[in-house]
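User: I have a fold open in front of me and would like to learn how to read it feature by feature. Could you take me through it, starting with the strands?

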Amino acid sequence: MTAPRTTVTGVEPLDGRWLRLTFADGAVHDLDLAPMLQAGGVFSSIRDDDKLFGAVEVDHEFGTITWPGEIDLDPDVLRGDQVPAAGTDLPRRVVQQA
């Protein structure tokens, strides 16, 4: 189960491949997924299709975000508590501290 601090409660697609994420503790982060999506693979569809990228939703059961096609991301990576498997932190802007 996801720790309450890292639980995603809201998501809003922004320009480019940025998302605004709201976490259960009230923190709000803008996160640039473009560097991670460049790897392609399972991410190719959301990298290449604006409409599909914009179809992102919160998966309340797992406390993270998901896209059609069962694409999801680790909420600890989204929060910045862990580094993505690619080894590079994702660019982020902290909009609101917890």
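Analyst: Gladly. Two strands pair if DSSP finds at least two bridges between them. Keep in mind that this is a predicted model. Here strand E1 (residues 8-13) and strand E2 (residues 18-23) run antiparallel and are joined by five bridges.

User: Which residues of E2 are the bridge partners of Glu 12 and Pro 13?

Analyst: Glu 12 has Arg 20 as its bridge partner in E2, and Pro 13 has Leu 19. E1 and E2 form a hairpin with four residues between them. Look in the turn for Gly 16, which has a positive phi of about 65°.

User: What is the order of the strands in the open sheet that includes E1 and E2?

Analyst: The order is E1-E2-E3-E7, four strands with antiparallel pairing. E1 and strand E7 (92-96) each have a single partner strand, so one side of each is left without a neighbour in the sheet. On average, neighbouring strands of this sheet are turned by 20° against each other, direction ignored.

User: How should I think about side chains along a strand?

Analyst: As a general idea, side chains in a regular strand alternate between the two faces of the sheet. For a case to look at, take Asp 30, which lies in strand E3 (residues 28-32).

User: Is Asp 30 buried or exposed?

Analyst: Buried means under 20% relative accessible area. Asp 30 has 3%, so Asp 30 counts as buried. Its side chain makes a polar contact of 2.6 Å with the side chain of Arg 20. Leaving aside neighbours within four places in sequence, Asp 30 is in contact with several residues, among them Trp 18, Leu 19, Pro 91 and Arg 93.

User: Trp 18 and Arg 93 caught my eye. Where does Arg 93 lie relative to the ring of Trp 18?

Analyst: Arg 93 lies over the face of Trp 18, at 3.9 Å from the ring centre. Another example is Arg 79, which lies over the face of Phe 23 at 4.9 Å from the ring centre.

User: And rings with rings: how many aromatic pairs are there?

Analyst: The count comes to one aromatic pair. It is formed by Phe 53 and Trp 67, with ring centres 5.9 Å apart and planes at 35°. Planes under 30 degrees apart count as stacked and those over 60 as edge-to-face, so this pair is tilted. Phe 53 lies in helix H3 (residues 50-53) and Trp 67 in strand E5 (residues 64-67), so the pair ties together parts that are 14 residues apart in sequence. Both Phe 53 and Trp 67 are buried.

User: What is the order of the strands in the sheet that contains E5?

Analyst: That open sheet has three strands in the order E4-E5-E6, with antiparallel pairing. Strand E4 (57-59) and E6 are the edge strands, each pairing on one side only. Two bridges join E5 to E6, and Thr 66 has Asp 72 as its bridge partner in E6.

User: Which residue has a positive phi although it is not a glycine?

Analyst: That is Glu 70, with a phi of about 60°. Glu 70 is found in the loop between E5 and strand E6 (71-72).

User: Is Glu 70 buried or exposed?

Analyst: The cut-off for exposed is over 50% relative accessible area. Glu 70 has 75% relative accessibility, so Glu 70 counts as exposed.

Technical notes. Residues are numbered from 1 along each chain as its sequence is written. This is a predicted model: local features need pLDDT of at least 70, side-chain atom pairs count only at pLDDT 80 or more; totals for chains, interfaces and linings use all residues. Side-chain values use heavy atoms; hydrogens and water are left out. Rings of Phe, Tyr and Trp (its six-membered ring) pair if their centres lie within 6.5 Å; planes under 30 degrees apart count as stacked, over 60 as edge-to-face and the rest as tilted. Buried means under 20% relative accessible area, exposed over 50%, partly exposed in between (1.4 Å probe, protein chains only). A charge sits over a ring if NZ of Lys or CZ of Arg is within 6 Å of the ring centre and within 35 degrees of the ring normal. A polar contact is a pair of N or O atoms within 3.5 Å; within protein, one must be able to donate a hydrogen and the other to accept it, and residues adjacent in sequence count only if both atoms are side-chain atoms. Contact means heavy atoms within 4.5 Å. Axes are lines fitted to C-alpha atoms, for helices over the stretch in contact, and angles run from 0 to 180 degrees between N-to-C directions.
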